[in-house]
Amino acid sequence: MNPPLIPADLLAKSDKILFIAHLALGDYTYLQNCFAAFARAYPHLKLHLWVDEVRRTADASQWPHLKKNVLYDWLAACDFIDKVYDQNYSPALFQASIQDARQEQYPIVVSLATLRPHFYAHLAREISPNGFVTGFKKPLGFGLHRYFSYRKLDASMDPDPADRSAAPHISDVYAGWFRQLANVDIPPAGRIPFVHIPERYIDGARAKLAEWGFAGRQGKLVFINPFAKTRKRCWPVERVAELITTMRAQPEWRDACFIVNAVPQEIANVKAMLAERQLDRTELFSANENFFQLPAMLAQCDLIVSVETAVMHLANAVGVPVVALMRQKTPEWAPVDKANSTVITADQRRDWVKAIPVQAVMHALA
């Protein structure tokens, strides 16, 4: 085994470590395994996590939305993370977080930021002027500022896999990072996502199903998520209605109940679609109070159909079969649990997810 990027004697004698990352739910779904494995390998180290907000802005009207990031609910429940810096959405809060972090006098700071790695190299050194700082380093391109930022690192690594032709899954890439950093070995079985759902949210999901009249259902329960952060990864709501109608025409789905997931800004649109189509045993769902509402509801289902976003990864985490609708451009982000996942990709590399027809989903279900 190669020597770790972080010196072994430093890992042994240190009492804490700070990881810096910009995280979406999908990122953390796989990085969580790495942090948990690191905590098991170095139980004497307190693990702190800086979650940077790449949408940081001085526009105060954006702050309420940025502050309510459901990822923070999940992080707060992870017992292997001792401290989270999650208030970085405004310039003033960002500077306050830096001052807070400097008071910790971190002996080790690791940047896992793949966007603008030179910026985060500078940030890591600003937080820990005298500690060991490591992070990613990409080709310099233009600008001396990148050169001087990378010089602040005591050690660096390439964020991309050495063998790009192998097209590894993102969980393999993340596992490779931690192997390089600290000789933490995460076998393939240990890379499948997991989520520990507090009992009150499971009870809440069951109560909602009872409220909808789904508790005593005869058929299967199907969760459909057509929304992602970018239009390229979304599926039209009209296609959702067509899928429900087409599935109901098949004997095995005739008695099925359906849950249609909607992000807050699309709730009105989905409500209008459901009202217009008069789809019975079909309800709208949105996890608008706490992150755990989502996996708690997913865990109650028999099948999940989702575009390429956190829902399809969380399907693996709760062990429910998923049909994932994806573009060709992001194979590294396919669900990792192949035994419980069916991936449908758009025909052409340039195609968006909306190019996937209902019949392709029906073919996969058959």
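**Group meeting: a walk through the predicted model**

Leaving aside its neighbours within four places in sequence, Tyr42 touches Leu11, Ala182 and Val184. I start there, and I should say at once that what we have on the screen is a predicted model, so please hear everything that follows as a description of that model. Tyr42 sits in the loop between H2 and strand S2, which covers 46–51, and with a relative accessible area of 16% it falls under the 20% limit and is therefore buried. One of its contacts is a long way off in sequence, since Ala182 lies 140 residues from Tyr42 along the chain, while their C-alpha atoms are separated by 9.4 Å.

From that loop let me go to the interior. As background, nonpolar side chains in soluble globular proteins tend to be buried together. In this model the largest nonpolar core has 81 residues, and those with the most contacts inside it are Phe19, Phe38, Leu112 and Phe178. Helix H2, residues 25–41, gives the most to this core, with 10 residues. If you want one residue to click on, I would take Phe178, which, leaving aside its neighbours within four places in sequence, is in contact with Phe19, Leu31, Cys34, Phe35, Phe38, Leu112, Asn183, Val184 and Ile186. A second core, separate from that one, has 35 residues, and among them are Ile224, Leu243, Met247 and Ala346.

Cys34 appeared in that contact list for Phe178, which brings me to the cysteines. How many disulfides does the structure hold? The count is zero. For Cys34, the nearest cysteine sulfur is that of Cys78, 13 Å away, and Cys34 is in no disulfide; Cys78 is likewise in no disulfide, the nearest cysteine sulfur to it being that of Cys34. As for their surroundings, Cys34 counts as buried because its relative accessibility is 3%, and Cys78 counts as buried at 6%.

Next, a pair of helices. Two packed helices are described by the angle between their axes and the distance between the axes. Helix H5, residues 91–104, and helix H6, residues 117–127, pack at an angle of about 50°, with their axes 8 Å apart, and H5 and H6 are therefore oblique to each other. On the H5 side the contact is made by Phe94, Gln95, Ile98, Ala101 and Arg102, and on the H6 side by Phe119, Leu123, Glu126 and Ile127. Sorted by character, the residues of this contact comprise six nonpolar, one polar and two charged.

After H5, in the loop that leads to strand S4 at 108–111, we come to Gln105. Most residues other than glycine have a negative phi, yet Gln105, which is not a glycine, has a positive phi of about 50°. Is Gln105 buried or exposed? Its relative accessible area is 69%, so Gln105 is exposed. Arg281 also has a positive phi, near 50°, and is a residue other than glycine; Arg281 lies in the loop between helix H11, 267–277, and strand S9, 282–285, and counts as partly exposed at 30% relative accessibility.

Helix H13 also has a positive phi just after it, since the helix is followed by Gly319, whose phi is near 75°. What I would look at in H13, which runs over residues 310–318, is its burial: nine of its nine residues are buried, so the helix is largely enclosed by the rest of the structure. His313 and Asn316 are included among those buried residues, together with Met312 and Leu314.

I will finish with three partly exposed positions that lie at some distance in sequence from a partner. Glu238, in helix H10, residues 237–248, is partly exposed with a relative accessible area of 46%, and its C-alpha atom is separated by 7.3 Å from that of Met273, 35 residues apart along the chain. Lys208 belongs to helix H9, residues 199–212, and counts as partly exposed at 30% relative accessibility; between the C-alpha atoms of Lys208 and Phe285, 77 residues apart along the chain, the separation is 9.7 Å. Finally, Ala355 is in the loop between strand S12, 341–345, and helix H14, 358–365, and is partly exposed at 42%, with its C-alpha atom separated by 9.8 Å from that of Lys232, 123 residues apart along the chain.

Key:
Residues are numbered from 1 along each chain as its sequence is written. This is a predicted model: local features need pLDDT of at least 70, side-chain atom pairs count only at pLDDT 80 or more; totals for chains, interfaces and linings use all residues. Side-chain values use heavy atoms; hydrogens and water are left out. Buried means under 20% relative accessible area, exposed over 50%, partly exposed in between (1.4 Å probe, protein chains only). Helices (H or I, at least four residues) and strands (E, at least two) are DSSP runs, numbered from the N terminus. A disulfide is a pair of cysteine sulfur atoms within 2.5 Å. A nonpolar core is a set of buried Ala, Val, Leu, Ile, Met, Phe, Trp, Tyr and Cys residues joined through side-chain atoms within 4.5 Å. Contact means heavy atoms within 4.5 Å. Axes are lines fitted to C-alpha atoms, for helices over the stretch in contact, and angles run from 0 to 180 degrees between N-to-C directions. Angles under 35 degrees count as roughly parallel, over 145 as roughly antiparallel, 65 to 115 as roughly perpendicular and the rest as oblique. Ala, Val, Leu, Ile, Met, Phe, Trp, Tyr, Cys and Pro count as nonpolar, Asp, Glu, Lys and Arg as charged, and the others, Gly among them, as polar.
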